[in-house]
Amino acid sequence: ETDVRLKNSYMLLGLHQGATKRSIKMRYYELAKQTHPDVLNGEKASAAAPARAAPVVKDASRGMLDEPEGPASAVQFLELHAAFEAIMEDLEAGGTSSAERSKKTRGSARRKTLGEVLCERLHDEPEAVHEVWGELKGSSLEVSGQMLNQLFKACSAIGPAGVVLALTVLNEGSSAGIVSQGVRSSGLASLLGLCGQRDDWDVDLVIDEISDEDRESPEVLAALGAVFCAGTRSLY
């Protein structure tokens with residue numbers, strides 16, 4: 001039964017068993033951008049947006065996908081996500097039994113947003129932060145605090161220029177309305193903390209971006225106070 005489930009999972013993603021973990025993840029990200037309900041809802045809201053077809057199996061023996069006529073359905077994403085998780089669980093299971101894996105899967109039933117799915121890529125490919133941010137911004141996907149931290153972590157892998165990119169993400173997201181004021185405040189506090197941990201990130205660049213509205217946040221004020229106490233710069 002497990003072998004059949006895995007075979008069907010690979011087939012649904014259009015991959016052969018033995019595919020590398022990287023190729024599996026990249027295929028999943030690409031299919032998610034086509035079938036996730038966040039994308040479909042956006043297309044329904046725009047009369048100019050063409051309906052994108054959902055991938056289906058066209059050759060069961062080879063596990064190939066085709067693009068049929070008609071709009072994609074949210075059901076396709078749920079099936080693709082379940083197939084992806086089944087494959088990844090199998091690759092990472094080690095000695096875990098199928099029953100234990102099933103319990104683990106049922107414990108995390110909340111459907112991830114498309115933005116969360118795309119940001120997961122940064123765990124393995126922090127260098128893809130420009131591309132991922134472009135996708136989030138281009139699709140007007142709301143950025144959560146967790147997603148922002150994932151973006152900042154990827155920025156930190158760039159080196160000294162990472163703080164500039166992190167601020168660009170924060171400011172562009174705020175201007176585009178996909179980073180709320182609450183998330184922005186948490187992000188600024190996180191950046192101030194990161195600057196305190198790194199010698200190659202200029203904390204002054206972050207402080208200069210803090211507005212009067214940002215200073216109304218207790219979280220931002222606490223982070224600024226930590227910078228002040230460290231003797232880096234005056235609180236005001």
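This passage describes the nonpolar core and the salt bridges of a predicted model.

The largest nonpolar core comprises 56 residues, among which Leu 13, Leu 136, Leu 151 and Leu 192 touch the most other members. A closer look at Leu 136 gives a picture of the packing. Leaving aside residues up to four places away in sequence, Leu 136 touches Gly 115, Leu 118, Cys 119, Leu 141, Met 147, Leu 151 and Ile 178. One of these contacts, Leu 151, is itself among the four core residues that touch the most other members.

Charged side chains add a second set of links, with 11 salt bridges in the structure. In one of them, the side chains of Glu 92 and Lys 21 meet at 3.7 Å, N to O. Glu 92 belongs to helix H4 (residues 74-92) and Lys 21 to helix H2 (residues 21-35), so this pair ties together parts 71 residues apart in sequence. Lys 21 is partly exposed, its relative accessible area being 37%.

Helix H2 also holds a local pair: Glu 30 and Lys 33 lie three residues apart, about one turn of the helix, and their side chains form a salt bridge of 3.0 Å, N to O. Both count as partly exposed, Glu 30 at 35% relative accessibility and Lys 33 at 23%.

Lys 33 has a further partner in Glu 135, with the closest N and O atoms 2.6 Å apart. Because Glu 135 lies in helix H7 (residues 129-138) and Lys 33 in helix H2, this salt bridge ties together parts 102 residues apart in sequence. Glu 135 counts as buried, at 16% relative accessibility. Elsewhere, Arg 22, Arg 121, Glu 125 and Glu 131 are joined into one network by salt bridges that share partners.

Conventions:
Residues numbered from 1 in each chain as written. Predicted model: local features only at pLDDT ≥ 70, side-chain atom pairs only at ≥ 80, totals over all residues. Heavy atoms only, no water. Core = buried A, V, L, I, M, F, W, Y, C linked by side-chain atoms within 4.5 Å. Buried < 20%, exposed > 50% of the residue type's maximum accessible area, 1.4 Å probe, protein only. Contact = heavy atoms within 4.5 Å. Salt bridge = Lys/Arg side-chain N within 4 Å of Asp/Glu carboxyl O. Helix = DSSP H or I, 4+ residues; strand = E, 2+ residues; numbered from the N terminus.
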